[in-house]
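Dear colleague,

Please find below the sequence and structure that I am handing over to you. My findings follow directly after them.

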Amino acid sequence: MKFNTKAIHGGQHDVDPAYGSVMPPIYQTSTYSQSTPGGHKGFEYSRSGNPTRAALERAFASIENAKYGLAFGSGLAAIDAVIKLLKPGDEVISTNDLYGGTYRLFTKIFEQFGVKFHFIGMENAENIEQFVTAKTKLIWVETPTNPMMNIIDIRACAEIAKKHGIILAVDNTFATPYLQRPLDLGADIVMHSATKYLGGHSDVVMGALMLNDESLADKLYFIQNASGAVCGPQDSFLVLRGLKTLHVRMQRHCENGKHIAAYLSKHPKIEQVYWPGLEEHPNHEVAKAQMNDFGGMISFVTIGNNYDEAIRIVENLKIFTLAESLGGVESLAGHPASMTHASIPKEEREKTGVVDALIRLSVGIEDVDDLIADLEQAIGN
Ligand SMILES: *Cc1c(COP(=O)(O)O)cnc(C)c1O
């Protein structure tokens, strides 16, 4: 089955043997009757498993070409489960330009339990090798990165991980499997904040893991059930519905992204545009090799790097909503220095490029002429 068919039908066989409903029913139940102790019909308790969630988990597996899918109550809950594979003393090598919540989870929660994290630049994957020790158990990659849109070569990371027997996990939230399938490139685990493009409508918080290795899947299922950060049946239904249009939404996100990146690149008031589809992007060739298209996430900096001007621009936008998050049908704008990255000291954030005037756009699927007109009036000339 090809991707566009999988987005609609993947894992969706026999979801309702009772009435043949086309969409999986929302099984709003915590428990299931048993005819005799242990005599159940496949489900015992909804933390351990729920038929609506199970349908979603099969769909998750299908779109990433994975054997196993697991759904969690948020993207961070999914990451939390992956780090719980580790023990005190184990080491993780992670991308340095990382989703802020992931960085907080690693440093404020798991460092206390004795897991050691190395945050490094991975745009040159060879850089990873010097941090590998006998204790390295996991390489954590985010690509494209947030908000700088750096691209990391997943194949090159997979080679290093395989050579040293390390698990490679990729946060595929920004790209989605429509654009990039890390398991096919050699990764062991794919993670998503399904809150973003997979759900696609800014109405659900959810996380996902997809993988092929059976023993790793057993361990992660054990953690999912033992720690209990599962998602409910209503949210599972909403994300199943969102997935069915993932390919058409992504196609439009990419088209609009391309037009807006081109518009911003030519704007006299703009100094720098970060979008992996631009030829001048430092890792454009890697992006071309591992992604089918370049997505709708764009960051840019105005000339003069003026904090107040950036605030004025995001406040003046009318169609773009000033908000955190991304990946929904509606366009959003954010100012990382005062929003998502405000807790990182100025010198630290500027090292990775998050300067005062950086603005991040999640380009939605509205008419691109309206989006460009909105940017035009907000940026001025
Ligand atoms: C939002 C996000 C997360 C965290 O997911 P939640 O669903 O908000 O818990 C992790 N990684 C990336 C890249 C994200 O954008």
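Glu 309 and Arg 312 are both in helix α11, which covers residues 307-316, and because they are 3 residues apart, about one helical turn separates them. In this predicted model, their side chains meet in a salt bridge with an N to O distance of 3.7 Å. Glu 309 counts as buried, at 15% relative accessibility, whereas Arg 312 counts as partly exposed, at 33%. Elsewhere, salt bridges that share partners join Lys 346, Arg 349, Glu 350 and Asp 356 into one network.

The structure holds 12 salt bridges. One of them pairs Lys 163 with Glu 129, the closest N and O atoms lying 2.7 Å apart. This pair links distant parts of the chain, with the two positions 34 residues apart in numbering: Lys 163 belongs to helix α5 (residues 154-164), while Glu 129 is in the loop between β3 (116-120) and β4 (136-142). Lys 163 is exposed, its relative accessible area being 61%. Glu 129 is partly exposed, with a value of 28%.

A further salt bridge is formed by Asp 184 and Arg 181, whose closest N and O atoms are 3.6 Å apart. Both residues fall in the partly exposed class: Asp 184 has a relative accessible area of 46%, and Arg 181 has one of 23%.

An acidic residue without such a partner also deserves a mention. Asp 16 is located in the loop between α1 (3-9) and α2 (51-63). Asp 16 is buried and yet has no salt bridge. Which side chain of opposite charge is nearest to Asp 16? That side chain belongs to Arg 58, at a distance of 11 Å. A salt bridge requires the nitrogen to be within 4 Å of a carboxyl oxygen, so a separation of 11 Å does not qualify. The side chain of Asp 16 does reach two backbone nitrogens: that of Ser 21 at 2.9 Å and that of Tyr 19 at 3.3 Å.

I turn next to the ligand. It is surrounded by 13 residues, and the closest are Gly 75, Asp 171, Ser 193, Thr 195 and Lys 196. By class, the shell around the ligand comprises 5 nonpolar, 5 polar and 3 charged residues. Several polar contacts can be listed individually:

- Lys 196 places a polar side-chain atom 2.7 Å from an oxygen atom of the ligand.
- Gly 75 has a backbone N or O atom 2.9 Å from an oxygen atom of the ligand.
- Leu 76 has a polar backbone atom 2.9 Å from an oxygen atom of the ligand.

Taken alone, the ligand exposes 380 Å², and 93% of that area is buried by the protein.

Some points of backbone geometry remain. Most residues other than glycine have a negative phi, and most peptide bonds are trans. Where does the chain contain cis peptide bonds? One such bond joins Thr 143 and Pro 144, with omega at about -5 degrees. Another joins Asn 146 and Pro 147, with omega at about 0 degrees. Pro 144 lies in the loop between β4 and α5, and Pro 147 is found in the loop between β4 and α5 as well.

Positive phi angles occur at residues that are not glycine, including Asn 305, with a phi of about 45 degrees. Asn 305 sits in the loop between β9 (297-302) and α11, and it is partly exposed, with a relative accessible area of 30%. Ser 325 is not a glycine either, and its phi is positive at about 80 degrees. The loop between β10 (321-322) and β11 (332-334) contains Ser 325, which counts as partly exposed at 30% relative accessibility.

Yours sincerely

Conventions:
Residues numbered from 1 in each chain as written. Predicted model: local features only at pLDDT ≥ 70, side-chain atom pairs only at ≥ 80, totals over all residues. Heavy atoms only, no water. Near = heavy atom within 4 Å. Polar contact = N/O pair within 3.5 Å; in protein donor to acceptor, adjacent residues only side chain to side chain. Areas by Shrake-Rupley, 256 points an atom, 1.4 Å probe, with all protein chains shown as cover. Nonpolar A, V, L, I, M, F, W, Y, C, P; charged D, E, K, R; others polar. Helix = DSSP H or I, 4+ residues; strand = E, 2+ residues; numbered from the N terminus. Buried < 20%, exposed > 50% of the residue type's maximum accessible area, 1.4 Å probe, protein only. Lys, Arg positive; Asp, Glu negative; His and termini not counted.
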